Amino acid sequence: VSLSVDPKFHPKIIGRRGAVISQIRKEYDVLVQFPGRTSDHPDLITITGYESNALKAKSAIAEMVQGFEDLSQREITLDPRIHSRIIGARGRQIRKIMEDFKVSSRSQRRAQFPGLRIPRSDPH
């Protein structure tokens, strides 16, 4: 079974240290393969296993992707001097912020953009 998913969502489907995709593989007893960086079809995820399990896994991944697509994204500019205070020791503070407010945060390299990108599920 194959599923077309925008490559920007692949890291979210895989999860930190492969936790999310490992859970899907274990729960549905399937093998999930992502395309390589030089693939002709960089958006095609292949799910291998018993057909009923593969279809259930495909549905679960499609539901996750729909949730990611529903997120809005805001960019805010912060003074680079306060980045370390927001991030905290070993990222503890930024993880707490992300958990408390149910957001994801990605900081860009200073040369590109001195701010944080915060996708939110709240459209306001």
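Exposed, for a residue in these legends, means a relative accessible area over 50%, buried means under 20%, and partly exposed lies in between. With that in hand, welcome to a few close-up views of this predicted model.

**View 1. Asp 79 and Arg 81 are joined by a salt bridge.** The structure holds two salt bridges, and this view shows the one between Asp 79 and Arg 81, whose closest N and O atoms are 2.5 Å apart. Arg 81 has a relative accessible area of 69%, so this residue counts as exposed. Its partner, Asp 79, is partly exposed, at 32%. As a bit of background, side chains of opposite charge can pair when their charged atoms come close.

**View 2. Within helix H5, Lys 96 and Asp 100 form a salt bridge.** Here the N to O distance is 2.7 Å. Helix H5 covers residues 92-101, and the two partners lie four residues apart in this helix, about one turn. How accessible is Lys 96? Lys 96 is partly exposed, with a relative accessibility of 47%. Asp 100 is partly exposed too, at 46%.

**View 3. The largest nonpolar core brings together 17 residues.** The members that touch the most others are Val 5, Ile 13, Ile 24, Val 30, Val 32, Ile 47 and Ile 61. At least two core residues come from each of helix H2 (19-28), strand S3 (44-48) and helix H3 (51-69). Helix H3 makes the biggest contribution, giving six residues. In soluble globular proteins, nonpolar side chains tend to be buried together.

**View 4. Ile 24 and its contacts from further along the chain.** Take a closer look at one of the core members just named, Ile 24. Which residues does Ile 24 contact, once its neighbours within four places in sequence are left aside? They are Asp 29, Val 30, Val 32, Ala 57, Ile 61 and Met 64. Among them, Val 30, Val 32 and Ile 61 also belong to the core residues that touch the most other members.

**View 5. Phe 9 and Phe 68 make the one aromatic pair of the structure.** The ring centres are 5.8 Å apart and the planes meet at 25°, so the pair is stacked. This pair links distant parts of the chain, 59 residues apart: Phe 9 is in the loop between strand S1 (2-4) and helix H1 (10-14), while Phe 68 is in helix H3. Are these two residues buried or exposed? Both Phe 9 and Phe 68 are buried.

**View 6. Lys 12 has its charged end over the ring of Phe 68.** The charged end of Lys 12 lies 5.9 Å from the centre of that ring. Phe 68 therefore takes part in this arrangement as well as in the stacked pair with Phe 9.

Technical notes
Residues are numbered from 1 along each chain as its sequence is written. This is a predicted model: local features need pLDDT of at least 70, side-chain atom pairs count only at pLDDT 80 or more; totals for chains, interfaces and linings use all residues. Side-chain values use heavy atoms; hydrogens and water are left out. A salt bridge is a side-chain nitrogen of Lys or Arg within 4 Å of a carboxyl oxygen of Asp or Glu. Buried means under 20% relative accessible area, exposed over 50%, partly exposed in between (1.4 Å probe, protein chains only). A nonpolar core is a set of buried Ala, Val, Leu, Ile, Met, Phe, Trp, Tyr and Cys residues joined through side-chain atoms within 4.5 Å. Contact means heavy atoms within 4.5 Å. Rings of Phe, Tyr and Trp (its six-membered ring) pair if their centres lie within 6.5 Å; planes under 30 degrees apart count as stacked, over 60 as edge-to-face and the rest as tilted. A charge sits over a ring if NZ of Lys or CZ of Arg is within 6 Å of the ring centre and within 35 degrees of the ring normal.
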